[in-house]
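User: I should like to go through the terms used for this structure and see how each assignment is justified. Please set each value against its definition.

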Amino acid sequence: MSARCVAVAVSGGRDSMALLHATLRAAAQVGIRVAALHVHHGLQPQAEQWLGELQRRCKRWARDGAALSFHWRRLQGRPAASESVEAWARRERYAALGEMACEAQASLVLLAHHRRDQAETFLLQALRGGGAAGLAAMPRSVAREGIAWARPWLDMPREAVEAYVRRYRLWHIDDASNDDPRFARNRLRLQVWPSLLQAFAEAEGSLASAARRAQQEAACLEELACMDLATACDGDSLDIERWAALSPARRANALRAWLRARAGRGASETLLRRLLDEVPAGRSPARWPADEGELRRYRGVLSWSAARAPSMRPDVPATRTIRILGPGRFLLPAWGGVLHVEPVHQGGVALDRLADARLVPRRGGEQFQHGRHGVARVLKKQYQAAGVAAWRRTGPLLYCGEQLVFVPGLGVDGRALAPSGVPQVGLRWEPVDMPGETP
């Protein structure tokens with residue numbers, strides 16, 4: 001990345017063309033290159049025409065002496081059945097912008113959102129029932145994966161941007177989809193804003209100011225959640241007793257932050273209310289499905305699994321041979337997971353023993369021994385003693401000849417441990433979702 005190049009996300013609309021023009025003028029004074037980044041969403045029939053015109057405008061500015069390069073991407077795929085077009089386009093757009101910024105060696109990407117956009121976002125989040133994090137709307141700047149995303153015009157009124165466009169007579173796209181009432185932001189902009197501004201002339205500034213206060217409050221809540229989770233967490237899991245000892249408000253705040261860290265996204269209020277009511281109320285093992293994973297209560301802790309462990313398909317062979325000649329990942333779709341083979345100095349299996357191993361389904365009655373001097377006991381007893389949840393007991397048993405070598409969730413059998421000094425590997429089973437598998 002280079003501090004001598006700044007990127008501007010350019011849709012071709014009024015706001016982004018104004019920001020690109022203003023950035024070019026400022027960058028020329030300090031010798032900084034500018035990269036224009038355009039995303040072709042493939043959703044509008046005029047998109048190809050817009051792309052061509054935008055390329056021509058940028059080439060013209062470059063011929064006139066601007067240090068400007070143009071980059072574009074066409075999005076592939078379509079939204080999932082349960083996903084809105086707006087959410088899909090936003091996610092894919094930012095991914096594409098990040099790729100192009102790296103290509104241009106720009107560590108800063110400028111976005112053309114202004115004060116009216118911020119006020120609209122605040123209202124939309126309020127109408128969706130958003131809390132402080134949602135009402136905080138759009139941050140002025142944020143760093144993600146080595147790229148700084150900034151909105152330099154977030155406090156600028158829309159009228160100022162329109163005046164800039166008129167002053168420099170800037171070409172821009174008029175997207176007809178902005179008048180489509182199927183989209184929530186369009187309905188707000190076309191049907192609500194005119195009446196709102198007529199009744200409350202300062203609405204735009206007031207709502208943008210409320211968003212700034214919500215940002216501060218959200219930051220405070222995040223700091224409080226970090227303090228509470230430092231006490232309530234047991235590794236990646238949540239210790240239910242320590243978490244339940246918090247006040248109701250802090251309990252909910254900590255749970256939101258914990259779920260967001262595990263799942264990478266905020267939890268729905270429906271799921272949150274259910275967890276707050278049900279998790280502390282029982283002790284027996286339990287599961288709660290989430291959008292892209294599952295929550296599990298077992299022995300006093302709440303854990304998150306990003307993918308439900310699939311049941312073994314009925315056509316899994318009774319026995320399957322596997323040749324393990326070195327470290328690596330062995331994807332086993334029929335078993336619904338991956339066998340990780342990793343080099344270790346001790347506590348592993350001699351590598352030369354695994355050239356002719358067998359994967360065998362659990363039938364019952366098998367015995368496993370913890371450590372060299374442990375006592376062999378049936379798997380069920382060993383699982384219970386080790387506190388291994390039922391959903392972590394899936395996957396094949398690995399044998400070398402007639403000797404049990406490895407058990408998912410328990411590890412290498414003590415009777416199969418390699419002596420010191422012998423090249424050896426450790427084994428680890430990871431259940432994962434497989435395409436076409438039924439969870």
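User: Why is Val39 called buried or exposed, whichever applies?

Analyst: Val39 is called buried because its relative accessible area is 8%, and buried means under 20%, exposed over 50% and partly exposed in between, with a 1.4 Å probe and protein chains only. This is a predicted model, in which local features need pLDDT of at least 70 and side-chain atom pairs count only at pLDDT 80 or more, while totals for chains, interfaces and linings use all residues. Residues are numbered from 1 along each chain as its sequence is written, and side-chain values use heavy atoms, with hydrogens and water left out.

User: Where is Val39 found, and which residues is Val39 in contact with beyond its sequence neighbours?

Analyst: Val39 is found in strand S2; strands are DSSP runs (E, at least two residues), helices are DSSP runs (H or I, at least four), and both are numbered from the N terminus. Leaving aside neighbours within four places in sequence, Val39 is in contact with Arg73, Leu75, Arg93, Ala96, Leu97 and Met100, where contact means heavy atoms within 4.5 Å. The C-alpha atoms of Val39 and Glu92 are separated by 9.2 Å, although these residues are 53 apart along the chain.

User: What makes a set of residues a nonpolar core, and which residues have the most contacts inside the largest one?

Analyst: A nonpolar core is a set of buried Ala, Val, Leu, Ile, Met, Phe, Trp, Tyr and Cys residues joined through side-chain atoms within 4.5 Å. The largest has 23 residues, and those with the most contacts inside it are Val8, Val10, Ala18, Leu20, Val34, Trp61 and Leu68. Two or more residues come from each of strand S1 (2-9), helix H1 (14-30), strand S2 (33-40), helix H2 (47-63) and helix H6 (158-168). H1 gives the most, with six residues. Leu68 is in contact with Leu20, Leu24, Val34, Ala35, Ala36, Cys58, Trp61 and Ala62, again leaving aside neighbours within four places in sequence. A second, separate core of 22 residues includes Ile240, Leu255, Leu275 and Val279.

User: Why are H1 and H2 called roughly parallel?

Analyst: The axes of H1 and H2 cross at roughly 15° and come within 13 Å; axes are lines fitted to C-alpha atoms, for helices over the stretch in contact, and angles run from 0 to 180 degrees between N-to-C directions. Angles under 35 degrees count as roughly parallel, over 145 as roughly antiparallel, 65 to 115 as roughly perpendicular and the rest as oblique. H1 and H2 are therefore roughly parallel. The contact is made by Met17, Leu20, His21 and Leu24 of H1 and by Leu54, Cys58 and Trp61 of H2.

User: What makes H8 and H10 roughly perpendicular?

Analyst: H8 and helix H10 (residues 248-263) pack at an angle of about 90°, with their axes 9 Å apart. The pair is therefore roughly perpendicular. On the H8 side the contact includes Leu221, Glu222 and Leu224, and on the H10 side Arg250, Asn253 and Trp258 are among the residues involved.

User: Which residues of H4 meet H8?

Analyst: In H4 these are Arg115, Arg116, Gln118, Ala119, Phe122 and Leu123, and their partners in H8 include Glu204, Leu207 and Gln215. Leu123 also touches Leu188 and Leu196, among residues more than four places away in sequence.

User: How do you know that Cys5 is not in a disulfide?

Analyst: A disulfide is a pair of cysteine sulfur atoms within 2.5 Å. The closest cysteine sulfur to that of Cys5 is in Cys102, 11 Å away, and therefore too far for a bond. The structure holds zero disulfides. Cys5 counts as buried because its relative accessibility is 2%, whereas Cys102, at 41%, is partly exposed.

User: What is notable about phi of Gln105 and of Arg169?

Analyst: Most residues other than glycine have a negative phi. Phi of Gln105 is near 60° and phi of Arg169 is near 50°, each a positive value in a residue other than glycine. Gln105 is in the loop between helix H3 (85-103) and strand S4 (106-110), and Arg169 is in the loop between H6 and helix H7 (184-199). Gln105 is called partly exposed because its relative accessible area is 46%, while Arg169 counts as exposed because its relative accessibility is 78%.
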